[in-house]
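Visitor: I am new to this structure and would like a close look at a single part of it. Please take one hairpin and the sheet around it, and explain each term as you go.

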Amino acid sequence: MNVHVDVDAEFPVERELVLERVLDAPREQVYRAWTEPKLLKQWFAPKPWTTPGAALDVRPGGSCLIVMRDPDGNDHPSRGVYLEVVENEKLVFTDAFTSAWEPAEKPFMTAIVTFEDIGSGAERKTRYVARARHASVEDREAHEQMGFHQGWSQCAEQLAELLAKL
């Protein structure tokens, strides 16, 4: 099962948060950093938080569990399901479901992450876009107040640092 999500379809901007960066790496490497647990754990949480756990079943309908740890040692698990996976191009996942399509108690967002080639050969870079879509304006505002722009920007910087080492 593969549910196609048209990221260009109209979506109310007041319910969406967007982060866009150009990363100095080919999109295959950026995709790997999102889909290989050992890589994802190195950049996914904004420091001083860490990501001690990541279980990723990267396929449509596959579940994911990412555990972030705050500086006080408290774990914050985040469960979700992949809706669409296009290798090296797009990941769509939501926390509206947990494993095996079980509805979540409080759905918060659907994420659409895209990877687009820029340049060619040794000069290849990736346009990286992460969209967080919310069911309500209140959920988007709450996500913004939680530090979406600062946190996701810091994670994008950490991702760029990791990619420079690959």
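Guide: Strands S2 and S3 form a hairpin with six residues between them, and in the turn Gly 61 has a positive phi of about 90°. Strands here are DSSP runs of E with at least two residues, helices are runs of H or I with at least four, and both are numbered from the N terminus. This is a predicted model, in which local features need pLDDT of at least 70 and side-chain atom pairs count only at pLDDT 80 or more, while totals for chains, interfaces and linings use all residues. Residues are numbered from 1 along each chain as its sequence is written, and side-chain values use heavy atoms, with hydrogens and water left out.

The two arms of the hairpin, S2 (residues 50–56) and S3 (residues 63–69), run antiparallel and are joined by five bridges; two strands count as paired if DSSP finds at least two bridges between them. Within this pairing, Gly 53 stands opposite Val 67 in S3. Ahead of S2, in the loop that follows helix H2 (37–40), lies Pro 48, and a cis peptide bond with omega of about 20° joins Pro 48 to Lys 47.

On the other side of the hairpin, the loop between S3 and S4 holds Asn 74. Asn 74 is partly exposed, because its relative accessible area is 40%, and the scheme calls a residue buried under 20%, exposed over 50% and partly exposed in between (1.4 Å probe, protein chains only). Leaving aside residues up to four places away in sequence, Asn 74 touches Met 68 and Arg 69, where contact means heavy atoms within 4.5 Å.

The hairpin belongs to an open sheet of seven strands, with antiparallel pairing, in the order S1-S7-S6-S5-S4-S3-S2. S2 and strand S1 (16–23) stand at the edges with a single partner strand each, so one side of each is left without a neighbour in the sheet. Neighbouring strands of the sheet are turned by 20° against each other on average, direction ignored; axes are lines fitted to C-alpha atoms, for helices over the stretch in contact, and angles run from 0 to 180 degrees between N-to-C directions. Helix H1 (residues 27–35) packs on the sheet and touches S1, S2, S4, S5, S6 and S7, its direction making about 155° with that of S6.
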